[in-house]
Amino acid sequence: MLDLQFICDHADEVAANCLNRGVSVDVPRVVQLADERRKLIARTDQLRHEQKEVSAKIPKASADEKTGFIARGKELRAEITSKEAELKEVEGALKDVQGRIPNMSHPSAPVGGEDALVVLRQVGKIPKFDFQPKDHVELMTAHKMFDLEGGAKVAGHGFYFLKNEAVMLELALVQYAVETLRKGGFDLYTTPDLARDEVLEGTGYLPRGPETQIYSILNTDLSLVATAEITLGGLLKDELLESTQLPIRMGGISHCFRTEAGGHGKATRGIYRVHQFTKVEMFAFTTPDLAASNAMHEQIVGIEEQIFQGLEIPYRVIDTPTGDLGGPAYRKFDLEAWMPGRNEFGEVTSASNCTDFQSRRLSIRCKSSDWKGTRFVHTLNGTAVAVTRAMIALIENHQQADGSIVIPQSLRKWTG
RNA sequence: GGAGAGAUGGCAGAGUGGCCGAAUGCGCCGGAUUGCUAAUCCGGUCCACGGGAUAUUUCCGUGGCGAGGGUUCGAAUCCCUCUCUCUCCGCCA
């Protein structure tokens, strides 16, 4: 979430940004609630101060005085209790509205909806086939690389079994990504696939809402993670760091679970949109300045590009428009890989700079000799490899006339 | 799953109703001493929120002893719920 003081001081800018992002929030209401909150705090603090004074006199007071003080003390307690209830209500209302305000946007991020996307660059040659290219479903079926019916039988539509070469390929993609991250200075993690709802909320995901994308476990406060971003961000929740420890780079392997409520159709064919997949995710914490986090953002996108170049898959880099950023992102770059089976680009990675939007909710701060007090760190996340999507792009781009698939050099040490 | 113990500042560790933001030790920062280092001595050393000044330094208040509730004039201390840690037993990839 955004800083309350910031919202009050820049109400117009914040409201304009909400508009750009297609989010409707009553910003003046936040300012008004903030003012009520301030007044209530001042009043309760005052009452508590008197309460302290009164009770401090009691041990030394005479019997007569004592009854008076105790009576006054009771009065004060009642007043404080009622003020506290009022305050709680105001703060609840405030958090509710404040929580719906999205992060501010990078000045260069294109303003508008999905159509406003800007292609920053396109890399790699789109393959020209002298035969009719197949899509990944045909190819993987022909090679007995997955079992979609089996997945549906066991767990329902949107689940799948990978088989044989696809299993080798999944592990190879994970190994390849992890090795690349390690070289890039990332600490590696395998993370829990479940997390507390509190952690999901801290990272900006809403479990258990009517429109949630999250699977939750009944009778617990646990949900299945949609990405390791949740667990890696949650790992440093409530921590106070030294600026000298930053930046921190983490690479996490997890399964990702998404309800993906919605229709079937071309976009859901095969393993393009599934309820579960394996992903290697990057997460980074930087000092709270845009120079640092923007540089990290570039590094993360650079690694994503390096990975797809290594896989010899053509891709383009998208500067995501404001209307499509989601709540926490200040700026987001997506890699879209060419997918011959779809005859279009399909999203394979996503890298966001969330500035201090996540860290404020997660309470991840840092100290430095460069400033007084503590500040919220900047957080960033990006996909190294989302296995199913990467696999589609890889299989479809590297298919041959005879239906065989050439594995790029970079993976052969694992796949053979 | 059963039985028990526990959670206090950066760390260790006292504190069982008011004199406790919290002893003591370690660590850290500044200073003194010193040919240098060590040792010694002196001073300082948490976070958040609200307010007043000054303009970025200082002052006042409030809250914080795992989390959330409760009892009380007053809670680190008593009660309840939750989370986590440890020990023993059972089960187990």
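**Figure 1. Surroundings of Tyr205 of chain A in the predicted model**. Tyr205 is buried, because 22 other C-beta atoms lie within 10 Å; buried means 20 or more such atoms within 10 Å of the residue's own, exposed means 12 or fewer, and partly exposed lies in between, with C-beta atoms placed from the backbone. The residue sits in the loop between helix H8 (197-203) and strand S6 (222-224). Helices (H or I, at least four residues) and strands (E, at least two) are DSSP runs, numbered from the N terminus. Leaving aside residues up to four places away in sequence, Tyr205 touches Leu200, Ile214, Ala226 and Ile230; a contact requires C-beta atoms, placed from the backbone, within 7 Å. Thr67 is 138 residues from Tyr205 along the chain, and the C-alpha atoms of the two are separated by 53 Å.

Residues are numbered from 1 along each chain as its sequence is written, while chains are lettered from A and ligands numbered from 1 in the order in which they are written. This is a predicted model, in which local features need pLDDT of at least 70, side-chain atom pairs count only at pLDDT 80 or more, and totals for chains, interfaces and linings use all residues.

**Figure 2. Chain A as a whole**. Chain A holds 13 helices and 15 strands. The C-alpha trace of chain A spans about 100 × 45 × 40 Å along its principal axes. Of its 416 residues, 38% count as buried. Among the contacts in chain A with a separation of 6 or more, 73% are between residues 24 or more positions apart.

**Figure 3. The open sheet of 8 strands**. The strand order is S1-S10-S11-S12-S15-S9-S8-S4, and the pairing is mixed; two strands pair if DSSP finds at least two bridges between them. Strand S1 (118-123) and strand S4 (187-190) stand at the edges with a single partner strand each, so one side of each has no neighbour in the sheet. On average, neighbouring strands of this sheet are turned by 25° against each other, direction ignored. Axes are lines fitted to C-alpha atoms, for helices over the stretch in contact, and angles run from 0 to 180 degrees between N-to-C directions. Helix H10 (residues 290-310) packs on the sheet and touches S1, S9, strand S10 (315-319), strand S11 (331-339), strand S12 (344-353) and strand S15 (378-386). The direction of H10 makes about 5° with that of S15.

**Figure 4. Strand pairs within the sheet of 8 strands**. S4 and S8 are parallel and share 4 bridges; Asp187 stands opposite Met250 in S8. S1 and S10 are antiparallel, paired over 5 bridges. The bridge partner of Gln122 is Arg316 in S10. S10 and S11 also run antiparallel, joined by 5 bridges, and Tyr315 faces Ala337 in S11. In a regular strand the side chains alternate between the two faces of the sheet.

**Figure 5. Arg273 in the loop between strand S8 (248-257) and strand S9 (276-286)**. Arg273 is partly exposed, because 18 other C-beta atoms lie within 10 Å. Arg258 is 15 residues from Arg273 in sequence and 9.3 Å from it in space, C-alpha to C-alpha.

**Figure 6. The open sheet of 3 strands**. The order is S7-S13-S14, with mixed pairing. Strand S7 (240-242) and S14 are the edge strands, each pairing on one side only. From one strand to the next the twist averages 30°. S7 and strand S13 (residues 365-368) pair in the parallel sense over 3 bridges, and Leu240 stands opposite Arg365 in S13.

**Figure 7. Packing of helix H2 (residues 11-20) on H3**. The axes of H2 and H3 are 9 Å apart and make an angle of about 140°. H2 is therefore oblique to H3; angles under 35 degrees count as roughly parallel, over 145 as roughly antiparallel, 65 to 115 as roughly perpendicular and the rest as oblique. Ala11, Val14, Ala15 and Cys18 of H2 make the contact with Val27, Pro28 and Val31 of H3. These residues divide into 7 nonpolar, no polar and no charged. Ala, Val, Leu, Ile, Met, Phe, Trp, Tyr, Cys and Pro count as nonpolar, Asp, Glu, Lys and Arg as charged, and the others, Gly among them, as polar.

**Figure 8. The surface near RNA strand B**. Of the 19 residues around RNA strand B, Ala42, Arg48, Ser55, Gly73 and Thr374 come nearest; a residue is near a molecule or strand if its C-beta atom, placed from the backbone, lies within 6 Å of it. Helix H3 (27-57), helix H4 (63-100) and strand S14 (371-376) are the elements that give two or more residues to this surface. H3 gives the most, with 10 residues. By type, the residues of the surface are 6 nonpolar, 6 polar and 7 charged.

Conventions:
Two residues are in contact if their C-beta atoms, placed from the backbone, lie within 7 Å.
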